[in-house]
2 protein chains.
Amino acid sequence: MWQGGGMSAPSIRARIRAEMIEEIKAVARRHLATEGGNLSLRAVARDLGMVSSAVYRYFPSRDALLTELIIEAYQALGDAAEAGDAAAARDDLRGRWLGVSHAVRAWSLAHPAEYALLYGSPVPGYAAPSETVVPAQRVAFALVQVMIDAAVAGRLAPPDGTPVPPPVRVDLARLLEQRPGALTEEQLARGMAAWSQLFGLVSFEVFGRLAQGVVEDSEAYFDHQMRLMADLAGLPAEPGPSSDPGPAARPGQPASEE
Amino acid sequence: MWQGGGMSAPSIRARIRAEMIEEIKAVARRHLATEGGNLSLRAVARDLGMVSSAVYRYFPSRDALLTELIIEAYQALGDAAEAGDAAAARDDLRGRWLGVSHAVRAWSLAHPAEYALLYGSPVPGYAAPSETVVPAQRVAFALVQVMIDAAVAGRLAPPDGTPVPPPVRVDLARLLEQRPGALTEEQLARGMAAWSQLFGLVSFEVFGRLAQGVVEDSEAYFDHQMRLMADLAGLPAEPGPSSDPGPAARPGQPASEE
DNA sequence: CCCGAGTCGAGAGCACTGCTCTCTGTTTGC
DNA sequence: GCAAACAGAGAGCAGTGCTCTCGACTCGGG
């Protein structure tokens with residue numbers, strides 16, 4: 001943008017600038033982890049040995065810095081979720097489902113302040129920019145993808161119970177157009193139930209609304225709840241017939257990078 | 001405390017003081033509703049025609065004021081939930097279940113800032129005091145109570161699917177001691193799944209993580225999701241045989257006081 | 001009745017915040 | 001080589017939570 005031609009010769013200054021931006025974000029992320037949600041731009045600047053107004057050469061406002069951190073946090077969470085999926089054998093559908101779930105939980109517990117940025121109360125005047133909607137859906141996609149793979153393999157149990165009422169069916173059908181023919185509206189509704197259940201559970205745990213003497217073994221509790229959701233989604237209990245039925249699909253800590 | 005004897009003769013000054021406390025809380029609640037989460041004590045004082053230091057005669061800190069508002073918000077939410085339960089016939093178990101759910105959603109959408117105080121990111125240094133744990137459980141109790149009533153009436157379907165693993169069974173059994181013999185651990189686990197599902201859904205909607213073109217008719221979507229949870233909990237679909245099977249158990253806006 | 005004690009409000013002040021503006025020195029592209 | 005763009009420092013503004021002091025007021029007991 002400010003450099004017309006191709007990406008030739010990053011012109012030392014531009015490279016320094018890019019490094020500076022990364023350094024600011026790194027320090028801000030560190031502050032977020034230690035101090036908590038109310039990020040102080042002045043404190044970040046102080047840690048970098050510069051004065052607060054200098055930071056405004058790189059970010060137009062504190063909210064812009066937060067937005068950058070939010071986007072990168074969505075990426076990191078999405079990466080963790082997909083890594084949790086990839087850690088299981090492709091036909092171990094329930095193992096993949098639990099892999100995604102436990103990866104999301106592990107990342108969230110390891111980065112509570114960033115999780116609060118993503119799924120806590122939105123900051124006062126700040127409105128989530130459009131760049132955040134796509135990465136925000138990666139976790140939901142990861143869960144639904146397991147259901148889709150199960151459906152195309154003919155291993156997704158047909159849902160019983162309450163059918164989807166017409167108005168909801170319209171909304172869900174619109175979502176299903178992106179992945180045509182794979183799932184029914186009933187099945188997608190169950191996948192989205194698992195999705196909101198996942199973040200409800202993680203929010204309770206990260207925000208400390210659960211650990212007050214209610215549940216001791218919170219990981220086992222979480223694992224059981226997500227298995228209930230796997231049942232609800234219609235995922236089969238055992239891996240496919242073409243794979244070794246080893247000790248897969250155990251909770252553990254599937255993925256927790258950094 | 002500062003008045004030794006009984007509660008005789010509130011001594012004008014004490015009455016004025018109590019009124020002042022209520023007035024401060026009322027203005028603070030109004031500010032919370034209009035401005036958002038970051039409550040400014042000085043702005044509240046300004047609205048009351050007093051200077052900020054005067055407010056400290058009534059509340060030792062801003063967090064103390066917030067704590068008061070949090071406790072009262074829990075009470076209001078609990079009242080709404082129980083009113084939503086009471087609006088349905090006692091033996092219309094699914095109607096009561098949905099009544100509680102829709103009442104919680106309606107209150108939360110009507111009081112987003114207070115909801116964020118309860119279920120959003122916890123404020124920086126602030127740790128939820130012990131006065132908040134009991135009122136925070138009222139909603140969960142309201143849901144579980146419907147299941148208990150269904151169980152004693154022999155109308156709660158036995159759960160199938162994944163059994164509760166031993167470590168979780170220990171935690172749940174400890175919770176069940178307060179209501180002995182009514183539910184199995186499997187059933188309580190499903191009730192708590194519905195509980196976290198409820199707040200996961202409401203959080204998504206209140207915090208604007210859902211309405212971005214994903215779901216249009218969010219009330220119908222919520223209703224369907226909570227019916228899925230009623231299925232999961234094992235609640236019967238129809239009211240009991242001793243009641244008229246009229247047009248009950250419809251969504252609507254069961255309770256939304258104030 | 002009156003007077004010390006406790007209460008209340010106002011004001012000034014401290015340390016902090018996000019952000020703007022101006023000024024100086026450096027780097028860049030032509 | 002030079003004008004333009006950029007980077008950092010510093011001062012400053014308006015706002016925040018909170019503390020302290022000081023005068024006015026009210027209350028309860030003698």
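In the predicted model, a polar side-chain atom of Ser53(B) lies 2.7 Å from a base oxygen of DNA strand C. Chain A also reaches a base of this strand. An N or O atom in the side chain of Arg42(A) is 2.4 Å from a base nitrogen of DNA strand C. The backbone of the strand is contacted as well: a phosphate oxygen lies 2.9 Å from an N or O atom in the side chain of Tyr56(A). Among the strand atoms within 4 Å of the protein, 48% belong to sugar or phosphate, and the rest belong to bases.

In total, 24 residues surround DNA strand C. Those that come nearest are Leu41(A), Arg42(A), Arg46(A), Arg57(B) and Tyr58(B). Both chains supply helices to this surface. From chain A, helix 2 (41-47) and helix 3 (52-55) each provide at least two residues. From chain B, helix 1 (13-35) and helix 3 (52-55) do likewise. Helix 2 of chain A gives the most, with three residues. By residue class, the surface near DNA strand C holds nine charged, eight nonpolar and seven polar residues.

The second largest pocket was examined next. Its space amounts to about 490 Å³. The lining comprises 26 residues. Nearest the pocket centre lie Asp160(A) and Leu232(A) from one chain, with Asp160(B), Asp231(B) and Leu232(B) from the other. Helix 11 (218-233) of chain A supplies at least two lining residues, as do helix 10 (185-206) and helix 11 (218-233) of chain B. The top contributor is helix 11 of chain B, which gives five residues. The lining divides into 14 nonpolar, seven charged and five polar residues.

Confidence was then assessed for chain A. The mean pLDDT of chain A is 87, and 86% of its residues reach 70 or more. Helix 5 (residues 93-110) of chain A marks the highest confidence in the chain, at a mean of 98, whereas helix 7 (residues 133-136) of chain A marks the lowest, at 83. Two stretches of chain A fall outside this picture. Over residues 1-8 of chain A the pLDDT is below 50. Beyond near neighbours in sequence, this stretch has five contacts in the model. Residues 242-258 of chain A also have a pLDDT below 50. For that stretch, the model shows 27 contacts beyond near neighbours in sequence.

Terms used: Residues numbered from 1 in each chain as written. Chains lettered and ligands numbered in written order. Predicted model: local features only at pLDDT ≥ 70, side-chain atom pairs only at ≥ 80, totals over all residues. Heavy atoms only, no water. Near = heavy atom within 4 Å. Polar contact = N/O pair within 3.5 Å; in protein donor to acceptor, adjacent residues only side chain to side chain. Helix = DSSP H or I, 4+ residues; strand = E, 2+ residues; numbered from the N terminus. Nonpolar A, V, L, I, M, F, W, Y, C, P; charged D, E, K, R; others polar. pLDDT = per-residue confidence, 0-100. Contact = heavy atoms within 4.5 Å. 1 Å grid on protein atoms, 1.4 Å probe; cavity = no way out; pocket = protein on both sides within 12 Å on 5 of 7 lines; lining within 4 Å. Points joined across faces, edges and corners; volume = space filled by probe spheres on them.
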